[in-house]
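Q: I would like to learn how to read the features of a model such as this one, beginning with its pockets. Could we go through them one at a time?

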Amino acid sequence: MLADLMAGAKADAEARLANRPFATVEAAAHAAPPAFDALAALAPADRVKIIAEVKRSSPSRGALAEIPDPALLASLYEQGGASAVSVLTEGRRFGGSLEDLEAVRASISLPVLRKDFISSPYQVFEARAARADLVLLIVAGLEQKPLQILHELILELGMTPLVETHTADELERAIDIDAKLIGVNARNLSTFELDQSLFGTLADRIPAGTVRVAESAVKTADDVARYRADGADVVLVGEALVTGDPVSTLQQFLGAHQR
């Protein structure tokens, strides 16, 4: 599944490249206003923080929500207390676009994550040109050298890489490139199966000074509380927010660690 998603995202980026040359996108990236300091926004605190996701569909669940106005949803996330907003920009299986990201960026004052299957510098420059503040890098989808190169490019452009892992080996690879924002995804991107205990298994291996993000398998406030108890600084939530009331759900989740 991950290989198919990576290949599809690469093909779509190449199609965009044919219409918008590399030099044009690179110039737009350098001309964009400075990115927000996402690491500061997501830094460990006395409460859990949440990255709230704009997500229309997924390969595992199909259609989740139409989201005709992603900017409005993002504004509700900000109202509900989210610390950052993730925007799926992959179109084939998740129904997203860079236009969604641009609309979200224009509507809120929180850091915005481009969540996609990134494998090329062109996609990173696209992210900055669209005024993303963070870019997702999936360790399982990249060899180590490209992972390091993309990580360095994201930093050079003033953005923050969210380096996603889901095994101990992948976590070591993230640590080797000195990632400061590391996610552990409970969803195996090869099989799309979930293992909510995975974060707790790996969290102690994440170095001090690194922001720890728990991803996937969040349906209730109890799930957030479990991740917090296992050491999560941040929890990334999508489905539970787009299928319910985003403001009240966020507020319940943000109070979860106090239970």
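Q: How many nonpolar, polar and charged residues does the lining of the second largest pocket have?

A: Sorted by class, this lining holds four nonpolar, three polar and five charged residues; Ala, Val, Leu, Ile, Met, Phe, Trp, Tyr, Cys and Pro count as nonpolar, Asp, Glu, Lys and Arg as charged, and the others, Gly among them, as polar. The model is predicted, so local features need pLDDT of at least 70 and side-chain atom pairs count only at pLDDT 80 or more, while totals for chains, interfaces and linings use all residues. Residues are numbered from 1 along each chain as its sequence is written, and side-chain values use heavy atoms, with hydrogens and water left out.

Q: What is the volume of the second largest pocket, and which residues line it?

A: A pocket is found on a 1 Å grid over the protein atoms alone, as an open set of points where a 1.4 Å probe fits, with protein on both sides within 12 Å along at least five of seven lines, and a lining residue has an atom within 4 Å of a point. Grid points are joined across faces, edges and corners, and the volume is the space filled by probe spheres set on them. Here the volume is about 180 Å³, and the lining includes Arg16, Arg20, Glu99, Glu102 and Glu126, together with Tyr122, Leu98, Ala129 and Ala130. Helix H5 (98-107) and helix H6 (121-129) each give at least two residues to this lining, where helices (H or I, at least four residues) and strands (E, at least two) are DSSP runs numbered from the N terminus.

Q: What is the volume of the largest pocket, and which residues are closest to its centre?

A: The largest pocket has a volume of about 460 Å³. Its lining comprises 28 residues, of which Glu53, Lys55, Arg187, Ser216 and Ala217 are the closest to the centre. Strand S6 (134-138), strand S10 (234-237) and helix H11 (239-242) are the elements that give two or more residues to this lining, whose classes divide into 13 nonpolar, five polar and ten charged residues.

Q: How should I read the overall fold, and how many helices and strands does the chain have?

A: The protein chain has twelve helices and ten strands. Its radius of gyration (taken over C-alpha atoms, and compared with a globule rule of 2.2 Å times the number of residues to the power 0.38) is 17 Å, close to the 18 Å that the rule gives for 259 residues, so the chain is as compact as a globular protein of that length. The C-alpha trace spans about 50 × 40 × 35 Å along its principal axes. Strands of a sheet pair through backbone hydrogen bonds, in a parallel or an antiparallel sense. In this model, eight strands form a closed barrel with parallel pairing, in the order S1-S4-S5-S6-S7-S8-S9-S10, two strands being counted as paired if DSSP finds at least two bridges between them.

Q: Which strands pair with S4, and is S4 covered or uncovered?

A: On one side of the pairing list, strand S1 (residues 49-54) joins S4 in the parallel sense over four bridges, with Ala52 opposite Val85. Strand S4 (residues 84-88) is also joined by four bridges to strand S5 (residues 112-115), again in parallel; Ser86 stands opposite Leu113, and Val87 has Arg114 as its bridge partner. In a regular strand the side chains alternate between the two faces of the sheet. For S4 both faces are covered, with Ala84, Ser86 and Leu88 buried on one side and Val85 and Val87 buried on the other; buried means under 20% relative accessible area, exposed over 50%, and partly exposed in between (1.4 Å probe, protein chains only). Across the chain, buried residues make up 56% of the 259 residues.

Q: Why is strand S9 described as largely enclosed, and what are its bridges to S8 and S10?

A: Four of the five residues of strand S9 (residues 211-215) are buried, so the rest of the structure largely encloses this strand. Five bridges join strand S8 (residues 181-185) to S9 in parallel, with Arg212 as the partner of Ile182. S9 and S10 are likewise parallel, over three bridges, with Val213 paired to Val234.

Q: Where are Ser216 and Ile67 found, and what is notable in their phi values?

A: Ser216 lies in the loop between S9 and helix H10 (221-229) and has a phi near 75 degrees, a positive value in a residue other than glycine. Ser216 counts as buried at 19% relative accessibility. Ile67, in the loop between strand S3 (62-63) and helix H4 (70-80), also has a positive phi, of about 50 degrees, although it is not a glycine, and Ile67 is buried with a relative accessible area of 9%.
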